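Work through the exercises below with the model open beside you. Try each task before reading its solution.

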Amino acid sequence: MKETIIRATGKTVPLRYVVVSLREAMDEIGARHGAEGWMLERMSECAIASFFLSSSLKCAGALSLITYWDGEVSRIESDTTPMGLVRARAVHDEVLALGPRVPEATPVRMETRRFDEKGKILAHSVVNMGKASVAQNLAVYLFQSEQVKAAVGIQAVADPENPARLKMAAGWMIEAFPDCDAASLAKAEEVARNLPPLETFLTPEGFDEHALLSALAGDVDVQIHREIDPKPFCPCSRERMRNNVIALGKKQLLALRDEQHGAQAVCEFCRTEYDFTEADLDEMIKGLGK
Ligand SMILES: [Zn+2]
């Protein structure tokens, strides 16, 4: 079964629906990070939440969602675009130290940043996270920051046989447009409350997003507007990494050149390694002048 991001609206009722299944994309991203079990699940949930927010971006921008934690894990982040691109990161040392374990960590806050297509920040919001799930925090965020009434469900489950792979990573959101009447809203809330567990929609062929959408719709007639393939993507480049190395400053560059005879920079999002030789460093130092 093909994984997509489905966007739909009610034909006669002003409700908006988003359904996401992200297992394949997050398996690939997780493998690059060495993320397993709890960490892979939380990275996936962050990415799904990020997709819910980026799906309403009007422009070709991006949305960054960061959850901050206190304990063995400090932050988990995912950036997504309305076109279905996704990347995610956590602190690499923490990912490796954790393995498939559940950490001693409590959620602290969730931050979101919206960017335009040039990378300029359009909006920045922060909500405190209770012990609640990412989905519950997201619904609170939507209401507090954007005055949007929404119901959200997100669940990622690592494969118990192989915690480096996901069994499921899926989510749904129902959002009420401002003109939605109280009765339709109450009905949608009831459907959301009575939705069976997401694992119900897991079939031998994969996650059945269309079955989930029709369960969410209940007796509302829905029209699908878009189905987009989610794809792992990172815009990092050697040129950008070179600028990061230069930003270390002359003293540090001299030390790298003379003591280590080279440098390696790793992209925290896609784990691509960029190697810089002694000659590269020499050129950077010359470029900085005196
Ligand atoms: Zn990258």
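**Exercise 1.** Determine how strand S1 and strand S2 pair, and over how many bridges.

*Solution.* This is a predicted model. Start with the ranges: S1 covers residues 5-10 and S2 covers residues 15-21. Next, take the sense of pairing, which is antiparallel. Then count the bridges: there are five. As a check on the register, find Ala8; Tyr17 in S2 stands opposite.

**Exercise 2.** Place S1 and S2 in their sheet and name the edge strands.

*Solution.* Write down the strand order: S8-S9-S2-S1-S12. These five strands form an open sheet with antiparallel pairing. Now look for strands that pair on one side only: S8 (150-158) and S12 (222-228) are the edges. Finally, compare directions. Neighbouring strands are turned by 15° against each other on average, direction ignored.

**Exercise 3.** Which strands does helix H2 lie across, and which does helix H6 touch?

*Solution.* Take H2 (residues 37-54) and list its strands: S1, S2, S8 and S9 (166-176). Its angle to S8 is about 150°. Turn to H6 (residues 209-217), which packs on the sheet and touches S1, S2, S9 and S12. The direction of H6 makes about 150° with that of S2.

**Exercise 4.** Describe the hairpin of S14 and S15.

*Solution.* First, the strands: S14 spans residues 262-266 and S15 spans residues 273-277. They pair in the antiparallel sense over five bridges. One bridge joins Ala265 to Tyr274 in S15. Next, the connection: six residues lie between the strands. Last, the backbone there: Arg271 takes a positive phi near 60°.

Note on methods:
Residues numbered from 1 in each chain as written. Predicted model: local features only at pLDDT ≥ 70, side-chain atom pairs only at ≥ 80, totals over all residues. Pairing = 2+ DSSP bridges. Helix = DSSP H or I, 4+ residues; strand = E, 2+ residues; numbered from the N terminus. Axes fitted to C-alpha atoms, helices over the stretch in contact; angles between N-to-C directions. Contact = placed C-beta atoms within 7 Å.
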